[in-house]
Amino acid sequence: MSPKVSAHYKEQRRREILEAAGRVFSRKGFEPTTMKDIVEESGKSFGGVYMYYSNTEDMLQDLILGKDEQVLEAFPDEAMTAWDRIIWMLDTQEKMLEQAGDPLFAVGYEYFITAWRNEERSAQLQERFSEAMEWSAGVIREGVRTGEFTPLHQVEDIAEMMLSALEGIRFNSVHLGTENIHVSKQLQVLRDMLKFVLQVQGDND
């Protein structure tokens with residue numbers, strides 16, 4: 001009879017494998033990385049790795065999901081106005097963009113850039129966008145409900161514009177460098193544009 005393994009131990013092993021995968025992805029990119037590369041990087045046996053992951057795609061998906069969860073966990077618990085929530089989101093994006101020089105940040109783009117010819121990746125990308133739209137439009141609707149916003153355009157159109165602008169800034173940050181496209185200045189322009197198009201009421205900055 002094999003010994004029982006605790007849930008904590010399993011999670012620790014899984015995290016170690018993911019960390020090894022992240023290092024290899026950062027060095028080689030997603031497509032060239034093989035399971036053999038990650039097994040060797042992790043220092044574990046093939047069986048020990050395959051017990052948790054059968055392919056590199058699942059590993060990268062978990063790495064991306066982990067970053068998404070970190071953002072959600074960092075959301076402040078205290079009550080915030082709708083505009084404060086938008087500013088928090090933009091500030092968080094700016095902090096994340098400071099990591100754009102991290103190769104692993106670019107690996108996510110390498111993975112999703114082929115979504116147009118990969119149904120599974122396309123579905124994942126659509127789901128991520130839908131979740132972002134739901135959050136963004138929900139915040140704007142809350143601002144409208146409380147009288148904080150009097151938007152000049154449809155809520156969904158504003159939310160989609162904001163997400164598209166952020167995606168363009170992120171993409172250029174990866175390929176051109178944050179210092180070359182003046183990320184902070186672009187995000188300040190986006191804040192000003194949103195403040196105008198939402199017609200933010202009161203003394204919000």
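# From a buried serine to the cores and salt bridges

The side chain of Ser136 reaches the backbone oxygen of Ala132, at a distance of 2.9 Å. The model in which this contact appears is a predicted one, and the values that follow are computed from its atoms. Ser136 is found in helix α7, which covers residues 119-145, and its relative accessible area is 2%, so the residue is buried. Leaving aside residues up to four places away in sequence, Ser136 touches Ala159, Met162 and Leu163.

Another residue of interest for its contacts is Arg170, whose place is in helix α8, residues 155-176. Arg170 counts as buried because its relative accessibility is 18%, and the cut-off for that class is under 20%. When residues up to four places away in sequence are not counted, Arg170 touches Gln93, Leu97, Phe105 and Tyr109.

Gln93 and Leu97 lead the reader to helix α5, where both are among the buried residues. This helix runs over residues 82-97 and has 16 residues, and from its first C-alpha to its last it reaches 23 Å, which is close to the 22 Å expected at 1.5 Å a residue. The buried positions of α5 include aromatic and aliphatic side chains such as Trp83, Ile86, Ile87, Trp88, Met89 and Leu90, but the polar residues Thr92 and Gln93 and the acidic Glu94 are buried in the helix as well.

Two of those α5 residues, Trp83 and Ile86, recur in the largest nonpolar core, which has 32 residues and in which they belong, together with Ile140, Phe149, Leu194 and Leu198, to the residues with the most contacts inside the core. The elements giving two or more residues to this core are α5, α6 (103-112), α7, α8 and α10 (183-198). Ile140 offers a view of how such residues meet: apart from residues up to four places away in sequence, Ile140 touches Ile86, Phe149, Val155, Ile158, Ala159 and Leu198. Ala159 thus appears among the contacts of Ile140 and also among those of Ser136. There is, in addition, a second and separate core of 19 residues, and this one includes Phe25, Val39, Val49 and Ile64.

From the cores the description can turn to charged side chains. Side chains of opposite charge can pair when their charged atoms come close. The structure holds 15 salt bridges, and one of them joins Arg14 to Glu11, with the closest N and O atoms 2.8 Å apart. These two residues are three positions apart in helix α1 (residues 7-28), so that about one helical turn separates them. Glu11 also meets the side chain of Arg15 in a salt bridge, at 3.1 Å from N to O, and here the spacing is four residues within α1, which again means a separation of about one helical turn.

The three α1 residues are alike in their class of accessibility, although their values are not identical: Arg14 is partly exposed with a relative accessible area of 21%, Glu11 counts as partly exposed at 28%, and Arg15 is partly exposed at 46%. With Asp62 added, Glu11, Arg14 and Arg15 are linked in a network of salt bridges.

A further salt bridge is found in helix α2, residues 35-42, where Lys36 and Glu40 lie four residues apart, about one turn of the helix. The closest N and O atoms of Lys36 and Glu40 are 2.5 Å apart. Lys36 counts as partly exposed because its relative accessibility is 46%, whereas Glu40, at 51%, counts as exposed, since the exposed class takes values over 50%.

Finally, the backbone deserves a look on either side of helix α10. His182 is found in the loop between α9 (178-181) and α10, and its phi is near 50°, a positive value in a residue other than glycine. The relative accessible area of His182 is 45%, so this residue is partly exposed. Gln199 has its place in the segment after α10, and the phi of Gln199, near 55°, is likewise a positive value in a residue other than glycine. At 28% relative accessibility, Gln199 counts as partly exposed.

Note on methods. Residues are numbered from 1 along each chain as its sequence is written. This is a predicted model: local features need pLDDT of at least 70, side-chain atom pairs count only at pLDDT 80 or more; totals for chains, interfaces and linings use all residues. Side-chain values use heavy atoms; hydrogens and water are left out. A salt bridge is a side-chain nitrogen of Lys or Arg within 4 Å of a carboxyl oxygen of Asp or Glu. Buried means under 20% relative accessible area, exposed over 50%, partly exposed in between (1.4 Å probe, protein chains only). A polar contact is a pair of N or O atoms within 3.5 Å; within protein, one must be able to donate a hydrogen and the other to accept it, and residues adjacent in sequence count only if both atoms are side-chain atoms. Contact means heavy atoms within 4.5 Å. The expected span of a helix is 1.5 Å times one less than its number of residues. A nonpolar core is a set of buried Ala, Val, Leu, Ile, Met, Phe, Trp, Tyr and Cys residues joined through side-chain atoms within 4.5 Å.
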